[in-house]
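User: I am a first-year student, and I would like a close look at a single part of this model, explained step by step. Please take the sheet as that part, and then show me what surrounds it.

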Amino acid sequence: MKVLDRVGQATNGFFDYAGGLALLTGESLGFLFRLRVRVEETVAQCALLGVQSLIIVLLTSLFTGMVISLESSQQAVAYGFSSFVGGAVAYGAVRELGPMLTAVVVAGRVGAAIAAELGSMVVTEQIEALRSMGLEPARFLVVPRLVALLIMLPLLTIFADVVSILGGAWIAQTYAHIPYADFMSSVRQAIDFSDILKGLLKTFVFATIIAMVGAYQGLSTRGGAAGVGKATTFSVVLAIILIFMSNFVLSFLLFGSS
Amino acid sequence: MSGGAAKIVARLDNATLAFGERIVLKDCSLDIVDGAITCIIGLSGAGKSTILRLLDGLILPQSGHVYVLGNDLCHMKEERINEVRRKISLSFQFAALLDSLTVGENVALPLRERTHLSRAEIQSTVTDALDSVGLAHAYDDLPNELSGGMLKRAGFARAIVTRPELILYDEPTTGLDPIVTNLITETILKLRAKFGGTAVVISHDLPSIFAMSDYIAMLFEGAIIAYDTAERIRNSSNPIVQQFLQGSETGPIPI
């Protein structure tokens, strides 16, 4: 019976969580579609969540591009395919690693920050104070963060793609003596504008996941400081898992036939 | 409930509420008289703050009704409850100011979000509200730069800035020294005199309660067991009320 009880509780817990997350997402998107967005707060969140993530995103994507270039140029030079190195780097960066790595880095930094901030507001009754003033926490707090991420994550991903390719070109030139012109020519042959657009399309899904998981975890925080810690950790773990899962589904749908 | 022919602005009608297995309120009824200050007393953890949250529509009872300003909150959607809330203010025990905003911005928040007043009108109303609680100088301070008493008064300023018909004060004097407690009590009386309206106060501070109350309700084991004017409650023959007022360890209240 105990086993059945636990299975039942876990199932209830799962649907309770999924339902709560879906309701908050629906409510927030509802405000967004009705254009009930606090513009000043959204601009502030763009700076806080987006601009301040730029350095870490640039660094991770730079080194990712460099390592892909390092690995592929070694093999390519050995087998006489050095003209494909640029394509390999760009293909990986624009279609997969750029959007996904940027999202993972932002989930670690921003998702945690959203969960911690909203969680602290719950335990200090600030969320209840907003409700008591007749203000909806979803519109007041969640929508500005969601919109900020929907704007900033694609922009960060574009920067990540560019830096990744440039890092790859630098390594290819210095390590495998592949000229920049050949590298860039290979990039142009390997990817087209639709690849870039499809890569960016993924970032809207990732941005929604990061914002909503962080916000829902924060708003459902219980139990003081320890609860805030748990909410923060869980929001990052869950967001990253969901990013990987949705990335597979999106890649299958967007690139499956190509 | 007593109250005679006085107009009732809020009413709990046989409200029952449980959190999990724990029953907090059981068939609890209470009338809040228009224009009066009603204090709710009771043991710690008895459910006094829960009554305030019911009156503000933040939680709803599992059975019974909550009527506020002519509305039955139990049969309203959240959007409609929000409209009722705009005529109510809840002053929180620890003020619950948004810590990312200055005191002035906190007090201005309900005006900025819920009215179409100009910036100048908002600033003037906020300055007036802060002045009423003696905090005009703290307009640009952040909440974490204020003392406990100042925080509570800043919370009062946010509560009164919209001129609500009903103000709910959750433990306004808890954790404060006697001088600041007196200041807070005087502030509540002064705000009532200046802005009018009805107030419900949760407090454990008996001198403060008797100084400000028109009516007192005692909550015990999930129900209101005594409700009357402050003077009649002071002279109540109810042994539970008397034990509570005297702070005695012996009597019908289990320790």
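Analyst:
**The sheet of chain B**

In this predicted model, chain B holds an open sheet of 4 strands, whose order is 2-1-4-5 and whose pairing is antiparallel. The two ends of that order deserve attention: strand 2 (22-33) and strand 5 (71-72) of chain B stand at the edges, and because each has a single partner strand, one side of each is left without a neighbour in the sheet.

Moving inward from one edge, strand 2 of chain B pairs with strand 1 (residues 8-19) of chain B in the antiparallel sense, and this pairing runs over 8 bridges. To find one such place in the structure, look for R11(B), whose bridge partner in strand 2 of chain B is D31(B). A helix also belongs to this picture, since helix 1 (residues 48-55) of chain B packs on the sheet, where it touches strand 1, strand 2 and strand 4 (63-68) of chain B. The direction of helix 1 of chain B makes about 120° with that of strand 1 of chain B.

Before reading such details, it is sensible to ask how confident the predictor is. For chain B the mean pLDDT is 92, and 98% of the residues of chain B reach 70 or more, while for the complex the predictor gives an ipTM of 0.88 and a pTM of 0.87. As a general caution, the predicted coordinates should not be read in detail where pLDDT is low.

The surroundings of the sheet include the partner chain. Between the two chains, 14 residues of chain B are in contact with 10 residues of chain A, and on the side of chain A that touches chain B the residues divide into 3 nonpolar, 4 polar and 3 charged.

Chain A itself has 9 helices and 0 strands, and its C-alpha atoms fill a box of roughly 65 × 55 × 35 Å along the principal axes. Of the 258 residues in chain A, 45% are buried, and among the contacts in chain A with a separation of 6 or more, 88% join residues that are 24 or more positions apart.

One pair of helices in chain A can be followed in the same careful way. The axes of helix 4 (residues 85-123) and helix 6 (residues 137-176) of chain A come within 7 Å and cross at roughly 140°, and the crossing of helix 4 and helix 6 of chain A is right-handed. Where helix 4 of chain A meets helix 6 of chain A, the residues of the contact divide into 22 nonpolar, 6 polar and 2 charged.

Terms used:
Residues numbered from 1 in each chain as written. Chains lettered and ligands numbered in written order. Predicted model: local features only at pLDDT ≥ 70, side-chain atom pairs only at ≥ 80, totals over all residues. Contact = placed C-beta atoms within 7 Å. Nonpolar A, V, L, I, M, F, W, Y, C, P; charged D, E, K, R; others polar. Axes fitted to C-alpha atoms, helices over the stretch in contact; angles between N-to-C directions. Left-handed = near helix turned anticlockwise from the far one by under 90°. pLDDT = per-residue confidence, 0-100. Buried ≥ 20, exposed ≤ 12 C-beta atoms within 10 Å, placed from the backbone. Pairing = 2+ DSSP bridges.
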